[in-house]
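Reader: I would like a close look at one part of this molecule, the interior and what surrounds it. Could you start from a single side chain and work outwards, telling me which residues meet there and how the charged ones are placed?

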Amino acid sequence: MTTIAKDNRVVTLINVFTVEPARQQQLIDLLVRVTEVTMRKLPGFVSANIHKSVDGTRVVNYAQWRSREDYEMMLRNPAATTHMREAVTVGQPNPHLYEVAEVIPRQAD
């Protein structure tokens with residue numbers, strides 16, 4: 001389960017895909033399938049959340065990994081790289097790893 005907290009010792013992949021609006025759902029379906037079939041079975045996978053822009057031009061994959069090493073091991077996994085190559089045929093990725101710097105909750109009424 002996704003937990004966003006400063007003391008949560010995970011790394012977060014935020015991958016913003018640019019996509020043609022007519023192909024947005026195709027990319028979402030692909031990312032969901034890849035996550036369910038491959039990514040969630042890899043060591044260090046924590047969670048993934050797929051977001052879509054309301055204008056249809058972006059899909060964001062927000063995925064947490066236990067460590068940078070686990071994420072980098074995934075990048076060398078043949079099953080994962082096959083799926084990543086497939087995603088690039090649908091949308092243009094822009095992936096980066098992040099750590100939570102701060103979490104600011106809603107102010108109480």
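Author: Histidine 83 is buried, because its relative accessible area of 14% falls under the 20% that serves as the cut-off for that word. The model in which this value was computed is a predicted one, and what follows should be read with that in mind. Histidine 83 belongs to helix 3, and, once the neighbours within four places in sequence are set aside, the residues in contact with histidine 83 are Arg33, Val34 and Thr38.

Helix 3 leads on to the largest pocket, since the largest share of the lining of that pocket, four residues, is supplied by helix 3. The space in the largest pocket comes to about 290 Å³. Its lining is made up of 21 residues, and those that lie nearest the centre of the pocket are Leu13, Asn15, Met39, Asn61 and Met84. At least two lining residues come from each of strand 1 (11–19), helix 1 (24–37), strand 2 (45–52), strand 3 (58–65), helix 2 (68–75) and helix 3 (78–88). What is the character of the residues of this lining, nonpolar, polar or charged? They divide into 17 nonpolar and four polar residues, with no charged residue among them.

Leucine 13, one of the residues nearest the centre of the pocket, is placed in strand 1. With a relative accessible area of 8%, leucine 13 is buried. Apart from neighbours within four places in sequence, leucine 13 is in contact with Asn61, Tyr62, Ala63, Tyr71, Pro95, His96 and Leu97. Among these contacts, alanine 63 is 50 residues away along the chain, while the C-alpha atoms of leucine 13 and alanine 63 are separated by 5.1 Å.

As general background to the next part, nonpolar side chains in soluble globular proteins tend to be buried together. In this model the largest nonpolar core contains 20 residues, and Leu27, Met39, Val59, Trp65 and Met74 are those with the most contacts inside it. Two or more residues of this core are given by each of strand 1, helix 1, strand 3, helix 2 and helix 3, and the largest share, five residues, comes from helix 1. Methionine 74 gives a view of how such a residue is surrounded: leaving aside neighbours within four places in sequence, methionine 74 is in contact with Met39, Leu42, Trp65, Ala80 and Met84. Of these partners, Met39 and Met84 are also among the residues nearest the centre of the largest pocket, and Met39 and Trp65 are among those with the most contacts inside the core.

Turning to the charged residues, aspartate 70 is found in helix 2. Is aspartate 70 buried or exposed? Its relative accessibility is 7%, so aspartate 70 counts as buried. Residues up to four places away in sequence not being counted, aspartate 70 touches Pro43, Gly44 and Trp65; Trp65 is thus a contact of aspartate 70 as well as of methionine 74. Glutamate 99 is 29 residues from aspartate 70 in sequence, and the two lie 14 Å apart in space, C-alpha to C-alpha.

Side chains of opposite charge can pair when their charged atoms come close. The model has four salt bridges by the rule applied here. In one of them aspartate 70 pairs with arginine 66, the closest N and O atoms being 2.7 Å apart. The partner, arginine 66, has a relative accessibility of 48% and counts as partly exposed, whereas aspartate 70 counts as buried.

Another salt bridge joins glutamate 72 to arginine 68, with 3.0 Å between the closest N and O atoms. Glutamate 72 and arginine 68 both belong to helix 2, where they are four residues apart, about one turn of the helix. Glutamate 72 is partly exposed, its relative accessible area being 29%, and arginine 68 is likewise partly exposed, with 49%.

A further salt bridge is formed by glutamate 102 and lysine 6, whose closest N and O atoms are 2.7 Å apart. Because glutamate 102 lies in the segment after strand 5 (95–98) and lysine 6 in the segment before strand 1, this pair ties together parts that are 96 residues apart in sequence. Glutamate 102 counts as exposed at 54% relative accessibility, while lysine 6, at 48%, counts as partly exposed.

Notes: Residues are numbered from 1 along each chain as its sequence is written. This is a predicted model: local features need pLDDT of at least 70, side-chain atom pairs count only at pLDDT 80 or more; totals for chains, interfaces and linings use all residues. Side-chain values use heavy atoms; hydrogens and water are left out. On a 1 Å grid over the protein atoms alone, a cavity is a set of points where a 1.4 Å probe fits but cannot get out, and a pocket is an open set with protein on both sides within 12 Å along at least five of seven lines; lining residues have an atom within 4 Å of a point. Grid points are joined across faces, edges and corners, and a volume is the space filled by probe spheres set on the points. Ala, Val, Leu, Ile, Met, Phe, Trp, Tyr, Cys and Pro count as nonpolar, Asp, Glu, Lys and Arg as charged, and the others, Gly among them, as polar. A nonpolar core is a set of buried Ala, Val, Leu, Ile, Met, Phe, Trp, Tyr and Cys residues joined through side-chain atoms within 4.5 Å. Buried means under 20% relative accessible area, exposed over 50%, partly exposed in between (1.4 Å probe, protein chains only). Contact means heavy atoms within 4.5 Å. A salt bridge is a side-chain nitrogen of Lys or Arg within 4 Å of a carboxyl oxygen of Asp or Glu.
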